[in-house]
Amino acid sequence: MIKIEKPDISVKKLFHDCIYNLKRENEKLLISHSIEELENIYKKYDEYAIENDLHKFDMRIDTETENIVGKLYKNKLVNPKEKARLYYDKIINYQKSKKASSPIKFNDEFRICPMCHTSEVDNLDHYLPKAKYPVLSLNPINLIPICSKCNRNKIDYIPNSKYDNLIHLYFDDLENLNWLNIEITNIDTLSFTYYVDKLAFEDPILYKRTKRTFEVFGIGKTYEILATTEMEDQIVNLIHFAQCSSKNEFQEYLLSFIKNHTSKNIWKVALYKELSENDEFYVLLNNTKYF
Ligand SMILES: [Zn+2]
């Protein structure tokens, strides 16, 4: 969960670029008369988000206009043949927060999902779902770039209280908290559970929200699969190294797997850190026969 820069997009321009070639004159007129009101609603959204109050967001506009806004998202913003698609692409090609030092890979080819850090961004998620909040369908600040797996897991999540507003990647910063932790649930079978570490948080609301986000997006499950696969790939190598070296040398070897990472909130970092601190793991490997 990495903080990213809010997309710098003029709502007025976005709406104009969505409606300039609309065939239905009445829809075009309705939207052009509502742009100011829509701008105002989107501005208010920011104020709710800053206060972690989005669960209370209830601003609306007449149903007909809302339905057109919903349609514009699908027919204009997402449609690669339309001018407005450039806004969709701009949001997908997000910039990480200037303050964030976390090691997110950037190149011209792809952006990694700022929610789970395991897949490529290929979706925009409506933070407040468009099914319940059609008026927000085109609010750039309600559109979050994530991967399709994260999007599938979240579906139409609706928060009910301050405690279950999901982490909003344009507003919330977990950068300085070592919140990701791992427990070895069975040393013999090398089974792991990832969890959000309560001890990392001073703010109980932020803890609950991070935990809820971790659960809703199925992040722990994804990390557990990656950690299990990593161990299957490395285990023969690790047994060999453990049996030829002292405990200290073995610890250093484990930490060398993560030497390029500066953030602890990465599945691989949590895994190798835990293994390097776990005496039972060294003993287990020393008592294992390998072929
Ligand atoms: Zn993801």
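In this predicted model, the C-alpha centres of domain 1 and domain 2 lie 35 Å apart. The domain assignment of the protein chain places domain 1 at residues 11-157 and domain 2 at residues 180-286. The two domains touch: 12 residues from domain 1 and 11 residues from domain 2 make up the contact. On the side of domain 1 that touches domain 2, 5 residues are nonpolar, 6 are polar and 1 is charged.

An annotated segment was examined next. An unreviewed UniProt entry records the feature "domain: HNH" at residues 113-154. Helix accounts for 17% of this span and strand for 19%. The C-alpha atoms at the two ends of residues 113-154 are 14 Å apart.

A strand pair was then considered. Strand E3 covers residues 180-186, and strand E4 covers residues 191-196. The two strands pair in the antiparallel sense, with 6 bridges between them. Asn186 stands opposite Ser191 of E4. Together, E3 and E4 form a hairpin with 4 residues between the strands. In this hairpin, Leu190 takes a positive phi near 50 degrees.

The side chains of E4 alternate along the strand. Phe192, Tyr194 and Val196 point to one face. These three residues are buried, with 20 or more other C-beta atoms within 10 Å of their own. Ser191, Thr193 and Tyr195 point to the other face and are not buried. Ser191 thus appears twice in this description: it stands opposite Asn186, and its side chain points to the face of E4 that is not buried.

Definitions and conventions
Residues are numbered from 1 along each chain as its sequence is written. This is a predicted model: local features need pLDDT of at least 70, side-chain atom pairs count only at pLDDT 80 or more; totals for chains, interfaces and linings use all residues. UniProt positions are given in the numbering used here, feature names are shortened, and annotations may be inferred rather than shown by experiment. A residue is buried if 20 or more other C-beta atoms lie within 10 Å of its own, exposed if 12 or fewer, and partly exposed in between; C-beta atoms are placed from the backbone. Two strands pair if DSSP finds at least two bridges between them. Domain bounds come from an automatic or database domain assignment. Two residues are in contact if their C-beta atoms, placed from the backbone, lie within 7 Å. Ala, Val, Leu, Ile, Met, Phe, Trp, Tyr, Cys and Pro count as nonpolar, Asp, Glu, Lys and Arg as charged, and the others, Gly among them, as polar.
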